[in-house]
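Me: I have a structure open and want to go through some of its helices. Can you take a look?

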Amino acid sequence: MRTLVVGAGGHLGGEVARLASAAGHEVVGTATTTATGWTAVDVTGRAAFLALVAAVRPHLIVNTAYRADSWTICADGAANVALGASTVGARLVHVSSDAVHAGRPEPYADDEPPTPIFPYGAAKAAGETAVAAIDPAAVIVRTSLIVGDDRSKQVRLALDLATGRRSGALFTDEIRCPVDATDLAAAILELAASDHAGTINVAGPEALTRADLGRLVARSHGLDPASVPVCTTAEGGLGNRPGCIRLDSTRAAGLLKTPLRPVTEALGPPSRHDEGHAG
């Protein structure tokens with residue numbers, strides 16, 4: 001099995017590449033630079049990306065590439081990847097985001113249409129639309145905040161805020177369903193080997209606020225949870241953002257052998273700080 005991981009230089013892409021290689025796949029990865037050891041290809045450049053796909057001729061393509069402030073990567077890039085998969089008949093798994101939803105108290109089912117209310121969500125929704133139109137057999141994985149080791153942006157942000165390396169705060173009124181990167185990567189490869197097509201939620205079973213996630217990260221690293229600065233979204237002044245987004249991953253849990261662990265389990269037991277020791 002020859003597998004092309006788009007965005008292999010990132011946290012999730014790196015885990016997909018690692019697990020695929022361990023499973024015996026011949027893995028080719030792309031990244032923004034060659035510094036990571038992967039092939040440097042700009043996913044927004046259609047001709048260059050299609051040339052790479054034609055040269056590699058993968059059986060599976062997993063697209064983990066994104067940048068929250070880039071429409072071209074999230075939307076145009078997704079279309080280019082789907083086109084590449086269709087030209088060589090490769091199985092495609094495209095990673096999307098819970099950001100496509102506006103937020104509400106009730107959980108979101110797998111195939112609910114996007115209702116984005118901010119630019120990143122709109123870009124990811126456009127990417128989903130392109131993928132589904134170009135390659136209806138593709139799997140579109142909607143996921144949430146990705147945690148794990150220090151490669152996780154969520155983990156690094158919480159630690160930087162807790163230690164004062166970065167200014168800002170985590171929101172007390174934004175709820176998500178964090179998922180461990182290794183769990184998510186294993187689920188992606190399992191879905192790739194299945195006959196599932198279309199959108200599916202793959203997120204953690206535990207919903208918590210961004211602030212509580214940051215406190216959990218701090219605790220797991222031996223820091224005082226109270227050292228994480230928090231505020232409301234209104235106090236943060238970042239404009240209109242989704243509040244509560246709970247992804248219902250019941251279907252994925254029933255299809256997969258891979259367990260989607262609660263984030264409290266994935267990040268490990270409380271540190272000794274809770275027993276009165278310094279972090």
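Me: What follows H3, and what is the sign of its phi?
Reply: H3 is followed by Gly89, which has a positive phi near 70 degrees. Helices here are DSSP runs of H or I with at least four residues, numbered from the N terminus. This is a predicted model, where local features need pLDDT of at least 70, side-chain atom pairs count only at pLDDT 80 or more, and totals for chains, interfaces and linings use all residues. Residues are numbered from 1 along each chain as its sequence is written, and side-chain values use heavy atoms, leaving out hydrogens and water.

Me: Where is the kink in H3?
Reply: The kink is centred on Gly77 and is about 35 degrees. The bend at a residue is the angle between axes fitted to the seven residues ending there and the seven starting there.

Me: Which residues of H2 meet H3?
Reply: Arg46, Phe49, Leu50 and Val53 do, and among their partners in H3 are Asn80, Val81 and Gly84. Contact means heavy atoms within 4.5 Å.

Me: Switching to H1. Why is it called largely enclosed?
Reply: Because 9 of its 12 residues are buried, H1 is largely enclosed by the rest of the structure. Buried means under 20% relative accessible area, exposed over 50%, and partly exposed in between, with a 1.4 Å probe and protein chains only.

Me: What covers those buried residues of H1?
Reply: The cover includes E2 (26-31) and H6 (181-192). Strands are DSSP runs of E with at least two residues.

Me: And just after H1?
Reply: Gly24 takes a positive phi there, of about 100 degrees.
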